[in-house]
Amino acid sequence: MDIKKVVLAYSGGLDTSIIISWLKENYNDCEVIAVSGDVGQGTELEGLEEKAIKTGASKLYIEDLKEEFITEYIYPTIKAGAKYEKEYLLGTAFARPIIAKRLVEIAKKEGADAICHGCTGKGNDQVRFETSIKAFAPDMKIIAPWRIWNIKSREEAIDYAEAHNIPLKISRETNYSKDKNLWHLSHEGLDLENPENEAPINKEGFLEMSVSPEQAPDKATYVKITFEKGNPVAIDDKKLSPIEIIEALNKLGGENGIGIIDIVENRLVGMKSRGVYETPGGTILYKAHEILESLCLDRNTQHYKELVANKFAELVYFGQWYTPLREALSAFVDKTQEKVTGEVTLKLYKGNVISAGAKSKYSLYSEEIVTFREDNVYNQKDSEGFINLFSLPVKVQALVNDKNSCW
């Protein structure tokens, strides 16, 4: 296939910075159109257009995807309660589908022959990007340089950049692999590759969204979050936009050392990977939502939803957002959220998120029924018949065992 025009998923980081030059060298000086999906990278986008053009791109699209990212990807995942392997709040994973979708839209608009990404052949993101691209452009050519070029490491990638006078914001000593958006920041590589090493969260400059719990204030911070049908809508009784909510909770959480995790996770491609994640606001939202659900969901729904949450997290982590199963699970989740409306107050203290009260007009909690004081609504004698029937299979099994043991 003759490649004349390529749309590149462009971040301005190490990999995509050198890919522009590499594409032009290896595909007959093809036109490279850079696309940056703005999902909350903040200052990382500053000067990006000048850098992209200077290193060989014909143009740069910076697409503002922040609000759609929150309402169409983050909020559905929170409502599902999805956490990959019980801890990871999917910050990188659910950002890839929305970016890939926009890449396809621009590639079609520009009449591009191919879409290129800078994901390595060892990671999850190559699967997330390409599976999402195929959902909207099944016949689109995809170029993944890390799977075909001669560069074998990030050190060699830096060598290539220096040889081609490509400016970088990193050095060999600070060459962590990072991914940042308004939801989280991930850190991988260097000393983190050895799980025996303690993560340097107290080292100046390592954490960017948070402080370590040791550096957090000695006084607790309280915050009240209001939800409507599972979606957060206000903080401390002040209505805020989705972006404002995430930003406000990131600030509060970051100041109090909330949401720093150090995990070894099972990548889709089969290997284990160690990473440190900062998700301050997200950790607060997950906890608040879980507390509110504990009031508003009946037992069977709550327990079944925990099974759904695990599968939902796996689908997101594996890059299967645009699939019938994920859509079906979201429909189930939305049904469960119809009465998840109310307020949750949390106490933030040195990395801990502690419940400090919750209420909902749909609460299934009845103090009158559950009280240890005298009441007129619950007959404790009724439990005797319930226990007799509930335990009947156990009793029958025991009788059979006793009978057989006599033979």
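The legends below walk through several close-up views of a predicted model. Local features need pLDDT of at least 70, side-chain atom pairs count only at pLDDT 80 or more, and totals for chains, interfaces and linings use all residues. Residues are numbered from 1 along each chain as its sequence is written, and side-chain values use heavy atoms, with hydrogens and water left out.

**View 1. Lys79 and Asp334 join two helices through a salt bridge.** A salt bridge here is a side-chain nitrogen of Lys or Arg within 4 Å of a carboxyl oxygen of Asp or Glu. In this pair the closest N and O atoms are 3.3 Å apart. Lys79 belongs to helix H3 (residues 66-80) and Asp334 to helix H10 (residues 324-336), so the contact ties together parts that are 255 residues apart in sequence. Helices (H or I, at least four residues) and strands (E, at least two) are DSSP runs, numbered from the N terminus. Lys79 is buried at 10% relative accessibility, while Asp334 is partly exposed at 41%. For these words, buried means under 20% relative accessible area, exposed over 50%, and partly exposed in between (1.4 Å probe, protein chains only). If you would like the wider picture, a search of the whole structure finds 29 salt bridges.

**View 2. Lys83 meets Glu290 in a salt bridge.** The N to O distance is 2.9 Å. This pair links distant parts of the chain, with Lys83 in the loop between H3 and helix H4 (96-110) and Glu290 in helix H8 (residues 280-296), 207 residues apart. Lys83 is partly exposed, with a relative accessible area of 24%, and Glu290 is partly exposed at 34%.

**View 3. Glu208 and Lys178 pair between a loop and a strand.** Their side chains form a salt bridge of 2.6 Å, N to O. Glu208 sits in the loop between strand S7 (185-188) and strand S8 (221-228), and Lys178 in strand S6 (residues 177-180), 30 residues apart. Glu208 counts as partly exposed at 41% relative accessibility, and Lys178 as partly exposed at 36%.

**View 4. Lys5, Glu31, Lys59 and Glu110 share a network of salt bridges.** Side chains of opposite charge can pair when their charged atoms come close.

**View 5. Glu85 and Lys350 each have a positive phi although neither is a glycine.** For Glu85 the angle is about 50°. Glu85 lies in the loop between H3 and H4 and is partly exposed, at 35% relative accessibility. For Lys350 the phi is about 45°. Lys350 is found in the loop between strand S13 (342-349) and strand S14 (352-359), and is partly exposed with a relative accessible area of 22%.

**View 6. Five strands form an open, antiparallel sheet with helices packed on it.** The strand order is S10-S9-S8-S13-S14; two strands pair if DSSP finds at least two bridges between them. Strand S10 (238-239) and S14 are the edge strands, each pairing on one side only. Strand S9 (residues 231-235) and S10 pair in the antiparallel sense over two bridges, and Ile235 has Lys238 in S10 as its bridge partner. Helix H7 (residues 242-255) packs on the sheet, touching S8, S9 and S13, and its direction makes about 65° with that of S9. H8 also packs on the sheet, touching S8, S9, S13 and S14, with its direction at about 135° to that of S13. Contact means heavy atoms within 4.5 Å, while axes are lines fitted to C-alpha atoms, for helices over the stretch in contact, and angles run from 0 to 180 degrees between N-to-C directions.
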